[in-house]
Amino acid sequence: MTFENGLLHPGDNPGLGVEFHPEIAEKFPYEQAYLPYNRLADGTVHNW
């Protein structure tokens, strides 16, 4: 992407300009995570 005359020009090639390398992605396996939430002593969800 480049700026031309104050405007952002996305380029002439298709896509976003991002290359994906599966061999590098294998080094970072997916680990499921959950958002933290606050529960009171009776088990109800409290505003955080």
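**Surface exposure and overall architecture of the predicted model**

Met-1 counts as exposed because its relative accessibility is 69%; in this classification, residues are buried under 20% relative accessible area, exposed over 50% and partly exposed in between, with a 1.4 Å probe and protein chains only. The structure is a predicted model, in which local features need pLDDT of at least 70 and side-chain atom pairs count only at pLDDT 80 or more, whereas totals for chains, interfaces and linings use all residues. Residues are numbered from 1 along each chain as its sequence is written, and side-chain values use heavy atoms, with hydrogens and water left out.

Met-1 is placed in the segment before strand β1, which spans residues 2–4. Together with Phe-3 and Leu-8, Met-1 forms a nonpolar surface patch with about 410 Å² of accessible area in total. Such patches comprise residues with over 30% relative accessible area and no salt bridge (a side-chain nitrogen of Lys or Arg within 4 Å of a carboxyl oxygen of Asp or Glu); like charges are joined within 9 Å, and nonpolar side chains (Val, Leu, Ile, Met, Phe, Trp, Tyr) within 5 Å. Accessible areas come from the Shrake-Rupley method with a 1.4 Å probe, and for residues only the protein chains shown count as cover.

The secondary structure of the protein consists of 1 helix and 4 strands, arranged along the sequence in the pattern β-β-α-β-β. Helices (H or I, at least four residues) and strands (E, at least two) are DSSP runs, numbered from the N terminus. The C-alpha atoms fill a box of roughly 60 × 35 × 15 Å along the principal axes. Of the 48 residues in the protein, 0% are buried. The accessible surface amounts to about 5300 Å², and carbon and sulfur atoms contribute 58% of this area.

The predictor's confidence in each residue is expressed as pLDDT, from 0 to 100. For the protein the mean pLDDT is 85, with 98% of residues at 70 or more. Among the elements, helix α1 (residues 22–25) has the highest mean value, 96, and strand β4 (residues 45–46) the lowest, 77.

Two residues of the loops that flank strand β2 are exposed. Asn-5 occupies the loop between β1 and β2 (7–9) and is exposed, with a relative accessible area of 82%. Although Asn-5 is not a glycine, its phi is positive, at about 55°. Pro-10, in the loop between β2 and α1, is likewise exposed, at a relative accessible area of 58%. The C-alpha atoms of Pro-10 and Phe-28 are 29 Å apart in space, with these positions 18 residues apart in sequence numbering.

Towards the C-terminal strands, Thr-44 lies in the loop between β3 (38–39) and β4. Thr-44 counts as partly exposed because its relative accessibility is 37%. The side chains of Thr-44 and Asp-42 are joined by a polar contact of 2.8 Å. A polar contact is a pair of N or O atoms within 3.5 Å; within protein, one must be able to donate a hydrogen and the other to accept it, and residues adjacent in sequence count only if both atoms are side-chain atoms. When neighbours within four places in sequence are set aside, Thr-44 is in contact (heavy atoms within 4.5 Å) with Asn-38 and Arg-39. By C-alpha positions, Thr-44 and Glu-4 are 55 Å apart in space and 40 residues apart in sequence. Asn-47, in the segment after β4, is exposed, with a relative accessible area of 67%. A C-alpha separation of 8.5 Å is found between Asn-47 and Tyr-37, which are 10 residues apart along the chain.
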